[in-house]
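Please look through the sequence and the model below, and then follow the report from single residues up to whole chains.

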Amino acid sequence: MQKAFKVSRIMLSVYYAYMVEYRAELVFWVLSGTFPLILMGLWVEAAQGDQFNLSPTDLVRYFLAVFLVRQFTVVWVIWEFEREVVEGRLSPYLLQPVDPAWRHFFSHVSERFARLPFAFLLVGLFLLLYPYAAWWPRLDNLLLGLLAIALAFCLRFLMQYTFALAAFWTERASALEQFWFLLYTFLSGMIAPLSLFPDAVREVVLWTPFPYLIYFPASLLINRPEHVARGFMAMILWSALFWAFNRWLWRQGLKQYSGMGA
Amino acid sequence: MERYLKVLRLFWSTAIAAELEYRLNFLVTALISLGGLAGSLFGLSLFYRNDYEFEGWSWEAALLVLGLFTVLQGFSAMVLIPNLNKIVNQVQQGTLDFVLLKPISSQFWLSTRIISPWGLPDVIFGLVMIGYGGRRLGLGWVDYGLAILPLTLGAITLYSLWFMLGATSIWFVKIYNVTEVLRGLLEAGRFPIAAYPVAYRVFFTFVVPVAFLTTVPAQTMLGQGGRWWLLASALLASVLVVVANRFWRFALRFYTSASS
């Protein structure tokens, strides 16, 4: 237990140092997540006429929260893992007494801390544009929201890492992620709050993991929690499912892996 | 001129031959663009579900914009993105030297070396969407024909922006994140510019000229653009082409090659 703690602390600090080294690059990565902010403009303009059951203020808050959640849950493990497998660089990591997954996990986690200030800066900028929308989440919602963000990140990481394991069999594992990402973009609530979806679509979407990755944490952050217990249950269930699938694939994949180029 | 055409034919035939080794890829990319199409339509329909419409844009007219966006997306997947990635590699590895030594314009070489057929599904789906929207609106061949000019100007604008970004790799080498920023902002072109609040409209007309890429061609197609927009579009495209070329020459002065 103590050893695990020490390993994670060291990995965090090492990867944090890596990330801070490329600060300018980080700014650009933050800026590349502007998609929710573009949609914010569209929806705010659309809601001026009161045809939707959400006010412009609600929508500004919602999309700023979406932007933040998205910043905290960006995952790119599949691109790195794919390269490691194709180039055979995975081999040395297999010899170490720590599962290589943790290395990726901690590099993602530490990047969150490095990108934090820039993300808040951008939110502040948009609050200048819409000063009437400034808000504070209630303390309990904030805590639950942070927990939901952490879980959402873990779930998204698990899903992408599971697809990444397909790299043991094919050279284009990232195509899986590209397809999954489409579903994620359109069903997670990034393009619109789920309450604006047609009822039938919403009912179906709630059974998929997507809305819990963005819509659920974002609605906690803006003090409009919905079915909190059910949301957390769904996230845990999906994580468990992907965890089991992931470990099984990992064992099968290692049998298959031949260490190209090594 | 003739020499350039001949070179272009050689470039593209070899590039296509190389890409066709991965035929299964075509199926995968076609599926992905079909999924993207369904998603975009779904996203647009969310706005039009409750009797709302973007100011002055009916559902069919908004489809034209989305179709034009999809066509341009296909165009950049075919020509712009693969070549841009190539520039970055060449700067990183120092192989840009060989390009500079060749007796043709280095800008031409770098912008046309590769063509990737994988953007084709997007182009086709985009054209289908334009055709569908246009039929419902009763547009004729003349209207489509008129839109070719602003669309070409939009494509030229897009190319110049990409190429200038590519040129910055001389200084910054790895620029994938910068291109991601541009790509993220261009997403705004999925919707007519009239759908945005004023501050956004100013930004997407004067700072990142998204309005000229999709909205202006769609307006021309609908016959409501007005000459001034067309003129502005032409002006923007020609200025950017010249600037891109100048900028590339300027950037080359700072190129010091790698590891030699």
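In this predicted model, A:Asn223 counts as partly exposed, because 16 C-beta neighbours lie inside 10 Å, and a residue is called partly exposed when that number falls between the limit for exposed, 12 or fewer, and the limit for buried, 20 or more. A:Asn223 lies in the loop of chain A between helix 11 (215–221) and helix 12 (228–256), and its phi is near 65°, a positive value in a residue other than glycine. A:His227 is found in the loop between helix 11 and helix 12 of chain A, and it too is not a glycine although its phi is positive, at about 45°. A:His227 has 12 other C-beta atoms within 10 Å and is therefore exposed.

In chain B, B:Arg249 can be described in a similar way: it is found in helix 12 (residues 227–252) of that chain, and with 11 C-beta neighbours inside 10 Å it counts as exposed. Along the chain, B:Arg249 and B:Ala167 are 82 residues apart, yet their C-alpha atoms are separated by 9.1 Å.

The table sets out the surroundings of these residues.

| Residue | C-beta neighbours within 10 Å | Class |
|---|---|---|
| A:Asn223 | 16 C-beta neighbours | partly exposed |
| A:His227 | 12 C-beta atoms | exposed |
| B:Arg249 | 11 C-beta neighbours | exposed |

The next step is the fold of chain A, which has 12 helices and zero strands. Its radius of gyration is 20 Å, close to the 18 Å that the globule rule gives for 262 residues, so chain A is as compact as a globular protein of that length. Taken along the principal axes, the box filled by the C-alpha atoms of chain A is roughly 65 × 40 × 35 Å. Of the 262 residues in chain A, 40% are buried, and among the contacts in this chain with a separation of 6 or more, 78% join residues that are 24 or more positions apart.

How are helix 3 and helix 4 of chain A arranged relative to each other? Helix 3 (residues 35–47) and helix 4 (residues 56–72) of chain A pack at an angle of about 170°, with their axes 9 Å apart, and because angles over 145 degrees count as roughly antiparallel, that is how these two helices of chain A are described. Among the residues that make the contact are A:Trp43 of helix 3 and A:Phe63 of helix 4 of chain A. By class, this contact of helix 3 with helix 4 of chain A has 13 nonpolar, no polar and one charged residues.

A:Phe63 appears again in the largest nonpolar core, which has 128 residues, and A:Phe63, A:Ala152 and A:Ala164 are those with the most contacts inside it. The element that gives the most to this core is helix 3 (residues 59–93) of chain B, with 16 residues. Beyond its neighbours within four places in sequence, A:Ala152 is in contact with several residues, including A:Val69, A:Tyr212 and A:Met235.

Finally, the contact between the chains takes 28 residues from chain B and 29 residues from chain A. On the side of chain B that touches chain A, two or more residues each come from helix 2 (23–48), helix 9 (176–186) and helix 10 (198–207) of chain B, and helix 2 of chain B gives the most, with 10 residues. By class, that side of chain B has 17 nonpolar, seven polar and four charged residues.

Technical notes. Residues are numbered from 1 along each chain as its sequence is written. Chains are lettered from A and ligands numbered from 1 in the order in which they are written. This is a predicted model: local features need pLDDT of at least 70, side-chain atom pairs count only at pLDDT 80 or more; totals for chains, interfaces and linings use all residues. Helices (H or I, at least four residues) and strands (E, at least two) are DSSP runs, numbered from the N terminus. Axes are lines fitted to C-alpha atoms, for helices over the stretch in contact, and angles run from 0 to 180 degrees between N-to-C directions. Angles under 35 degrees count as roughly parallel, over 145 as roughly antiparallel, 65 to 115 as roughly perpendicular and the rest as oblique. Two residues are in contact if their C-beta atoms, placed from the backbone, lie within 7 Å. Ala, Val, Leu, Ile, Met, Phe, Trp, Tyr, Cys and Pro count as nonpolar, Asp, Glu, Lys and Arg as charged, and the others, Gly among them, as polar. The radius of gyration is taken over C-alpha atoms; the globule rule is 2.2 Å times the number of residues to the power 0.38. A nonpolar core is a set of buried Ala, Val, Leu, Ile, Met, Phe, Trp, Tyr and Cys residues joined through C-beta atoms within 7 Å.
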